[in-house]
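Here are my notes on the model you sent. They are ordered by site, and the strands come last.

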Amino acid sequence: MDNNTTAWLTVPAPAKLNLMLHITGRREDGYHELQTIFQFLDYGDQLSFQIRTDDTLTLTPEISGLNFEDNLIIKAARSLQSHANARGKNCGANIRLEKTLPMGGGLGGGSSDAATTMLALNVLWQLELSLEELAKIGVKLGADVPVFIKGQACWAEGIGEKIIPLPDLAENWFLVACPNVHSDTKEIFSHKELTRDSQILNMRHALEGQAANNSRNDCQLVASKLNPEIGKTLNLLNKFGSAKMTGTGACVFLSVASENKATQVANKLPAELTTFIAKGTNLSSAHKVLFGSV
Ligand SMILES: C[C@](O)(CO)[C@H](O)COP(=O)(O)OP(=O)(O)OC[C@H]1O[C@@H](n2ccc(N)nc2=O)[C@H](O)[C@@H]1O
Ligand SMILES: Nc1ncnc2c1ncn2[C@@H]1O[C@H](COP(=O)(O)OP(=O)(O)OP(=O)(O)O)[C@@H](O)[C@H]1O
């Protein structure tokens with residue numbers, strides 16, 4: 001049987017920024033309680049999907065150094081396959097990946113790839129799982145997956161699964177700089193010097209602080225200690241405004257007044273530093289493509 005006859009569906013897997021990130025506690029299972037503001041960027045990876053009539057999954061190209069079954073794209077597809085199988089459906093897909101986001105950058109690339117895979121295959125395989133159901137499956141793959149599945153800029157608490165949408169956040173331009181280091185999320189969260197007792201904030205106060213550019217990321221100090229390149233990059237960007245790290249790093253970002261301004265700043269940075277310019281978006285580009293604007 002020919003498995004390659006259906007059309008390809010192309011869906012973006014956008015990056016996210018944590019505009020602020022506080023750690024307020026540690027759960028018994030070792031995971032940390034956070035308070036964070038998520039916003040998407042109009043920049044990221046891109047995935048294309050073609051359904052197959054058998055239950056095979058293929059991925060082209062694979063990510064070098066990462067086993068096929070460890071790739072979050074494949075893990076996400078497998079978790080949906082189990083749901084399909086339970087309903088007596090036999091589902092497979094050919095998947096193409098255009099990887100743009102640095103791994104271990106704090107931009108959520110792996111989680112976003114997983115969420116886009118679940119959103120797209122849910123449609124293509126006609127599984128009709130709700131976003132809520134997909135988010136419940138997705139959180140097992142990574143703490144940030146539910147946010148990418150829900151697709152809205154948000155305030156998040158718990159380990160990131162308690163989400164309140166923030167449709168009115170300012171959609172600013174950002175200059176993002178990616179020091180050439182891999183920041184290890186597990187290592188940062190297990191570091192003895194990590195701040196774990198930030199005061200629990202009320203969301204409105206956090207948003208006011210954010211709007212006044214008075215916010216912080218509790219992981220920044222430890223990440224800079226483990227990878228001094230992160231601290232150096234923050235210092236470089238701080239000459240032009242108030243830079244912050246996203247997630248557990250390594251990327252850092254600066255909010256700027258316009259795309260033009262971002263280009264001007266980027267031109268003043270050392271040529272060897274990888275940067276990109278992107279606009280914050282309150283609706284994920286994956287949702288825009290799959291469900292249209294709301
Ligand atoms: C810090 C953030 O980047 C904020 O967006 C994310 O919460 C991290 O999410 P992620 O990369 O999807 O992280 P996961 O793959 O779920 O977790 C990696 C490791 O980080 C630690 N971890 C992660 C998230 C969290 N809230 N508490 C933790 O302690 C755990 O040791 C976990 O084994
Ligand atoms: N499709 C994928 N893309 C990127 N990383 C993946 C993927 N699948 C599995 N991984 C694993 O996940 C790790 C974290 O990658 P990712 O790019 O999501 O980091 P991150 O941006 O720091 O994430 P976060 O902000 O959620 O901490 C990688 O080092 C890699 O081992």
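Which helices each supply at least two residues of the shell around ligand 2? The points below start there, and the model they describe is predicted.

1. Helices at ligand 2. Helix 1 (72-86) and helix 2 (109-124) are the helices in question, each with at least two residues in the shell around ligand 2. Helix 2 gives the most, namely four residues.

2. Make-up of the ligand 2 shell. Ligand 2 is surrounded by 21 residues, and the closest are Leu72, Gly109, Gly110, Asp113 and Gly247. By class the shell around ligand 2 holds 11 polar, seven nonpolar and three charged residues. Ligand 2 lies between domain 1 (9-167) and domain 2 (173-281), because both domains give residues to its shell.

3. Ligand 1. There are 18 residues around ligand 1, of which His32, Gly142, Ala143, Phe189 and Gly247 come nearest. Strand 2 and helix 5 (185-189) each supply at least two residues of this shell. The shell around ligand 1 divides into 11 polar, five nonpolar and two charged residues. Ligand 1 also has shell residues from both domain 1 (9-167) and domain 2 (173-281), so ligand 1 lies between them.

4. Database annotation. UniProt, in an unreviewed entry, lists residues 71-151 as "domain: GHMP kinase N-terminal". In the model this span is 56% helix and 9% strand, and its end C-alpha atoms lie 21 Å apart. The unreviewed entry in UniProt also gives a "binding site" feature, whose positions include Gly108, Gly109 and Gly110.

5. Gly108. This residue sits in the loop between strand 4 (92-98) and helix 2. Is Gly108 buried or exposed? Gly108 has 29 C-beta neighbours inside 10 Å, and therefore counts as buried. Leaving out residues up to four places away in sequence, Gly108 touches Ala15, Lys16, Asp144, Phe148 and Gly247.

6. Gly110. Unlike the loop position just described for Gly108, the place of Gly110 is in helix 2. Gly110 is buried, because 25 other C-beta atoms lie within 10 Å. Apart from neighbours within four places in sequence, Gly110 is in contact with Leu72 and Gly142. Leu72 is listed among the closest residues to ligand 2, and Gly142 among the nearest to ligand 1.

7. Strands 2, 5 and 6. Strand 2 (residues 32-52) pairs with strand 5 (residues 154-158) in the antiparallel sense over five bridges; in this pairing, Gln35 has Glu157 as its bridge partner. Strand 5 and strand 6 (residues 162-165) also run antiparallel and are joined by four bridges, and Trp155 is partnered by Ile164 in strand 6. Three residues separate strand 5 and strand 6 in their hairpin, where Gly160 takes a positive phi near 120 degrees.

8. Strands 7, 8 and 9. Strand 9 (residues 252-256) is mostly covered, with four of its five residues buried. Strand 7 (residues 173-178) runs antiparallel to strand 9 and is joined to it by five bridges; Phe174 stands opposite Ser255. Strand 8 (residues 244-245) pairs with strand 9 over two bridges, also in the antiparallel sense, and there Met245 stands opposite Val252.

9. Gly247. The hairpin of strand 8 and strand 9 has six residues between the strands, and Gly247 in the turn has a positive phi of about 55 degrees. Gly247 appears among the closest residues to ligand 2 and among the nearest to ligand 1. Gly247 is also one of the residues that Gly108 touches.

Terms used: Residues are numbered from 1 along each chain as its sequence is written. Chains are lettered from A and ligands numbered from 1 in the order in which they are written. This is a predicted model: local features need pLDDT of at least 70, side-chain atom pairs count only at pLDDT 80 or more; totals for chains, interfaces and linings use all residues. Two strands pair if DSSP finds at least two bridges between them. A residue is near a molecule or strand if its C-beta atom, placed from the backbone, lies within 6 Å of it. Ala, Val, Leu, Ile, Met, Phe, Trp, Tyr, Cys and Pro count as nonpolar, Asp, Glu, Lys and Arg as charged, and the others, Gly among them, as polar. Domain bounds come from an automatic or database domain assignment. UniProt positions are given in the numbering used here, feature names are shortened, and annotations may be inferred rather than shown by experiment. A residue is buried if 20 or more other C-beta atoms lie within 10 Å of its own, exposed if 12 or fewer, and partly exposed in between; C-beta atoms are placed from the backbone. Two residues are in contact if their C-beta atoms, placed from the backbone, lie within 7 Å.
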